[in-house]
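User: Please take me through this entry in questions and answers, with the reasoning laid out at each step.

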Amino acid sequence: MHAVAINNQADPYVAGASRVESRHFWRWGEDNLWPMALALMARRSTTHRRIINDKADYIAGKGFVCDEGEPLLASFIASVNGDGESLRTVLHRLAFDKALFGNAFLEVVTDADNSFLSLYHQDASRCRLARDGEHVLLHHDWSQFKPAEALSLPLYPRFEEQHDGTLRAMIHYKDYEPMFSHYGVPAYIAGLNVSAIAYKTDRWNIARLDNSFQLSGVMMLDSSVDNEAEAERIVRLAEEKFAGNPGQVMFVLREGSEDDHSRFIPIEAQNEGDWQSLHAQATSDIVVAHSWFRSLSGLDYASGFSSERILQEYEVALNTVILSEQAELTEPIRGLIHRVLGYDCSSLEIVNRPPTRSKPIYMKVWEARKADGLEYDPEDERQQQFLSEITKYNLKSID
């Protein structure tokens, strides 16, 4: 987790952006505002945002459970900071930032006597790595950075005493990417362009809706005016009343004659199918770039709800993405709980449940075998068990 301060190459994120240099921090993107660009893209692209939301939900799971013999540990995971947030809430925010930015930051608070431990999520867009490679700087507005307004916290495992007497540190999670020493790169980096395409095709559909699907074209108006200002006023008035979305209809005013030759010249474009195909391809590419799955992104519900496919893809996602991300995010947290509070975290685990089930958990084994057309025996003691009792991998209860 400890960053090393070495010369970082220019981050090739934003083409044409102004270069920002500072002796205080390593810039995050050419203009140091790359997180803002990623956040804006996530707010504009529907599928892109859905995948980020779903990843965070699945990685955070349904909460944490631990051995009943560890009541202090159970109490801690229910409230890990002074704001009363649960460990699941903090983990969800970390998972969301990591899925969106490729980076996440967790603030750790304790004291010299290790009498308490608090864990706070810090918005990754507010964080930058200091030039010394040993601290994280927090600032409310990096477009107007002022060193005096920044808060500096050491990178874990180093702690530093603050003005309130507490010891604090910052854990930096980041997705590895070659050539990037300071900040991680999100997994979907190759899909940025297709996310922009999906957003722009959505805008195209909205513009068509605003214009009531009318044809674009040029309206030639015959009129006699005394000056250019009067002609401009007439054109603007016509646009306001009849043009719909700006740019839908262009009005041209020309000197009139005895006969009115006003007419509308349509501009027809036979590319609707191309736009739809482009949108569908962009959506599919977004899923691939995220290393995610269509059925878990809500993309195939219109063609029929297949619980079997959802369960299969969830199993693949669980073993290829979810469990590994959970392990990465919780490993330092487990170490902190044991180091500071002395609690045994061996029983601490995240409850993972699929988004759907093919059979209810209250069904007995013999009933499930009967439903599948298999041999069954209601009198068999082993088949008297409920499915929830033999599928603890997915169905362990939080209660």
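**Backbone, helices and burial**

User: What is the relative accessible area of Asn 114, and which class of exposure does that place it in?
Analyst: In this predicted model, the relative accessible area of Asn 114 comes to 34%. Since buried requires a value under 20% and exposed a value over 50%, Asn 114 belongs to neither class and, at 34%, is partly exposed.

User: Where is Asn 114 found, and what is its phi?
Analyst: Asn 114 is found in the loop that runs between β2 (103-110) and β3 (118-122). Although Asn 114 is not a glycine, its phi is positive, at about 55°.

User: Asn 32 also has a positive phi without being a glycine; is Asn 32 buried or exposed?
Analyst: Asn 32 is found in the segment before α1 (34-44), and its phi is about 65°. Its relative accessibility is 1%, and because the cut-off for burial is under 20%, Asn 32 counts as buried.

User: Which peptide bond is cis, and what is its omega?
Analyst: The bond leads into Pro 157, whose place is in the loop between β6 (151-154) and β7 (160-161). The residue before the bond is Tyr 156, and the cis peptide bond from Tyr 156 to Pro 157 has an omega near 15°.

User: How do the ends of helix α2 compare with the span expected at 1.5 Å a residue?
Analyst: Helix α2 has 15 residues, which at 1.5 Å a residue should span 21 Å. The helix is followed by Gly 61, which has a positive phi near 65°. The end C-alpha atoms of α2 agree with the expected span, because they are separated by 21 Å.

User: At what angle do the axes of α2 and α4 cross?
Analyst: Helix α2 covers residues 46-60 and helix α4 residues 87-101, and their axes come within 8 Å of each other. The crossing in which α2 passes α4 is right-handed, and the angle is roughly 140°.

User: How do the residues in the contact of α2 with α4 divide into nonpolar, polar and charged?
Analyst: On the α2 side the contact includes Arg 49, Ile 52, Lys 55, Asp 57 and Ile 59, while α4 contributes, among others, Leu 91, His 92, Phe 96 and Leu 100. Several residues of α2 are buried, including Ile 52, Lys 55, Ala 56, Ile 59 and Ala 60. Taken over both helices, the residues of this contact divide into 9 nonpolar, 2 polar and 4 charged.

User: Where does helix α8 bend, and by how much?
Analyst: Helix α8 (residues 307-341) has 35 residues, for which a straight helix would reach 51 Å at 1.5 Å a residue, but its end C-alpha atoms are only 43 Å apart. The helix is followed by Gly 342, whose phi is positive and near 75°. Along α8 there is a bend at Leu 318 of about 50°.

User: Which residues does Ser 152 touch, leaving aside those up to four places away in sequence?
Analyst: Ser 152 has its place in strand β6, and at 31% relative accessibility it counts as partly exposed. Val 136 is 16 residues away along the chain, yet the C-alpha atoms of Ser 152 and Val 136 are separated by 5.7 Å. With residues up to four places away set aside, Ser 152 touches His 135, Val 136, Leu 137 and Gln 162.

User: How far apart in space are Ile 286 and Ala 190, C-alpha to C-alpha?
Analyst: Ile 286 has its place in helix α7 (residues 272-289), and because its relative accessibility is 0%, Ile 286 counts as buried. Along the sequence Ile 286 and Ala 190 are 96 residues apart, whereas in space their C-alpha atoms are separated by 8.8 Å.

User: What is the distance in space between Arg 382 and Trp 366?
Analyst: Arg 382 is found in the loop between α9 (365-371) and α10 (387-390), and its 64% relative accessibility makes it count as exposed. Arg 382 and Trp 366 are 16 residues apart in sequence, and from C-alpha to C-alpha the distance is 8.7 Å.

User: Over the chain, what share of the contacts between residues at least 6 apart in sequence join residues at least 24 apart?
Analyst: The chain contains 11 helices and 12 strands, and of its 399 residues 42% are buried. Among the contacts between residues at least 6 apart in sequence, the share that joins residues at least 24 apart is 65%.

How values were computed
Residues numbered from 1 in each chain as written. Predicted model: local features only at pLDDT ≥ 70, side-chain atom pairs only at ≥ 80, totals over all residues. Heavy atoms only, no water. Axes fitted to C-alpha atoms, helices over the stretch in contact; angles between N-to-C directions. Helix = DSSP H or I, 4+ residues; strand = E, 2+ residues; numbered from the N terminus. Left-handed = near helix turned anticlockwise from the far one by under 90°. Contact = heavy atoms within 4.5 Å. Nonpolar A, V, L, I, M, F, W, Y, C, P; charged D, E, K, R; others polar. Expected span 1.5 Å × (residues − 1). Bend = angle between axes of the 7 residues up to and from the residue. Buried < 20%, exposed > 50% of the residue type's maximum accessible area, 1.4 Å probe, protein only.
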